[in-house]
Amino acid sequence: MRKLAPGLFAVSALVASVLASPAAQAAGPSASQLLAKLSSCQQISSGKYRTDTETAANIPVCGKNGAVWYKADMDIDCDGQVTTKCNKNTDPWFQPDTAFHDSKGKPLVADKLPYVVVPSASGTWDYRKFGIQGGGVVAVIYNNRVDYAVVGDTGPSNIIGEASYASAVTLGINPDPKNGGTDGPVHYIYFKNSKVSPIEDHGKAVSQGEALAQKFLNEN
C-alpha cells in the first residue's frame with residue numbers, strides 16, 4: 001500500500017512469457033477506442049493527487065457516464081498473502097494484508113491476481129461515494145494494451161497510481177516491488193457499481209470488463 005519511485009528497467013522473462021500467450025490478448029474494445037473517450041477530464045475530485053511523495057499534486061479524478069478515471073503512473077503493490085515473489089525479503093515495504101479479501105476471507109495474492117489500489121477515502125475524493133467498491137471492475141490501459149482488474153487494496157489518501165504485481169506482468173511492466181513500475185501514462189477506468197464475485201476470479205473480471213467497456217463506449 002506504499003508508493004515506490006518508478007524505475008525504468010527491462011521487463012522480466014516472466015513478463016515476456018505472459019505477453020507471448022494469446023490468452024494475454026484481451027478481446028472487447030481496443031485501447032485506442034477507450035482512450036478516445038478520455039480526451040478531456042471533467043474533474044470530480046475536490047483536489048488533485050501526487051503520483052509519488054516527491055511529485056507535485058497534479059492528477060485529478062475525472063467523471064464519465066458510468067465510470068470514473070484518471071491518468072497516472074503505476075507503482076507495484078506486492079501486499080497480501082506471502083508468496084515466493086511477494087514477501088518481506090523481496091519487498092521491504094511488504095504488508096501481509098490487503099484492504100479487501102478473497103472468498104475465504106484471506107488477503108489477496110498480488111502475484112496472481114490483477115488488482116488496482118484505490119486511494120483511501122479522504123476530503124480529496126471518496127471512492128465509495130461514486131459506486132466504487134472492493135471487487136469493482138477496472139480497465140487498466142498501458143502501451144496500447146488493456147487489462148481488466150479488480151479493486152483490491154487501498155493506498156495513501158494523497159497518492160494515486162498503483163496496481164498489483166500480477167497486473168504489471170499482464171501489461172508488460174516490470175513487476176519488481178523494489179524497483180519496478182512505470183512512469184506511464186497508465187489510464188485507470190473504474191466502472192461504477194460493478195463487482196466481481198468471487199473477487200479472485202480474474203476470468204470473471206475480464207468477461208465483465210469487456211462488456212462494461214463496450215457499454216462505456218456506447219454511453220460516452
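This is a short talk about the fold, the core, one cavity and one buried asparagine in a predicted model.

Hi everyone, thanks for coming. Please keep in mind that we are looking at a predicted model today.

Let's begin with the overall layout. The protein chain has four helices and seven strands. If you walk along the sequence, the order is α-α-β-β-β-β-β-β-α-β-α. Of the 220 residues in the chain, 52% are buried. I also like this number: take the contacts between residues at least 6 apart in sequence, and 76% of them join residues at least 24 apart.

Now to the inside. Which residues have the most contacts within the largest nonpolar core? They are Tyr188, Ile189 and Tyr190, in a core of 58 residues. Several elements supply at least two residues each to this core: the helices α2 (31-35), α3 and α4 (202-219), along with the strands β2 (67-77), β3 (115-119), β4, β5 (145-155) and β7. The one that gives the most is β2, with seven residues.

Let's stay with Tyr188 for a moment. Leaving aside residues up to four places away in sequence, Tyr188 touches a long list of partners, including Val68, Trp69, Tyr70, Ala72, Asp73 and Met74. Also on that list are Val116, Val138, Ala139 and Val140, as well as Gly161 and Glu162.

Next, the cavities. How many of 30 Å³ or more are there? The count is two. I'd like to show you the second largest, with a volume of about 30 Å³. Its lining is made up of Gly131, Ile132, Gln133, Gly136, Val137, Val138, Val151, Tyr190, Phe191 and Ser194. You'll recognise Tyr190 from the core, and Val138 as a partner of Tyr188. Both β4 (137-142) and β7 (182-191) supply at least two of the lining residues. By type, the lining has six nonpolar residues, four polar ones and no charged ones.

My last stop is Asn174, in the loop between α3 (165-171) and β7. Is this asparagine buried or exposed? Asn174 counts as buried because its relative accessible area is 9%, and the cut-off for buried is under 20%. A polar atom of the Asn174 side chain lies 3.1 Å from the backbone nitrogen of Asp176. Asn174 and Asp75 are 99 residues apart along the chain, and their C-alpha atoms are separated by 9.7 Å. Asp75 falls within the β2 range, 67-77.

That's my tour, and I'm happy to take questions.

Technical notes:
Residues numbered from 1 in each chain as written. Predicted model: local features only at pLDDT ≥ 70, side-chain atom pairs only at ≥ 80, totals over all residues. Heavy atoms only, no water. 1 Å grid on protein atoms, 1.4 Å probe; cavity = no way out; pocket = protein on both sides within 12 Å on 5 of 7 lines; lining within 4 Å. Points joined across faces, edges and corners; volume = space filled by probe spheres on them. Nonpolar A, V, L, I, M, F, W, Y, C, P; charged D, E, K, R; others polar. Buried < 20%, exposed > 50% of the residue type's maximum accessible area, 1.4 Å probe, protein only. Polar contact = N/O pair within 3.5 Å; in protein donor to acceptor, adjacent residues only side chain to side chain. Core = buried A, V, L, I, M, F, W, Y, C linked by side-chain atoms within 4.5 Å. Contact = heavy atoms within 4.5 Å.
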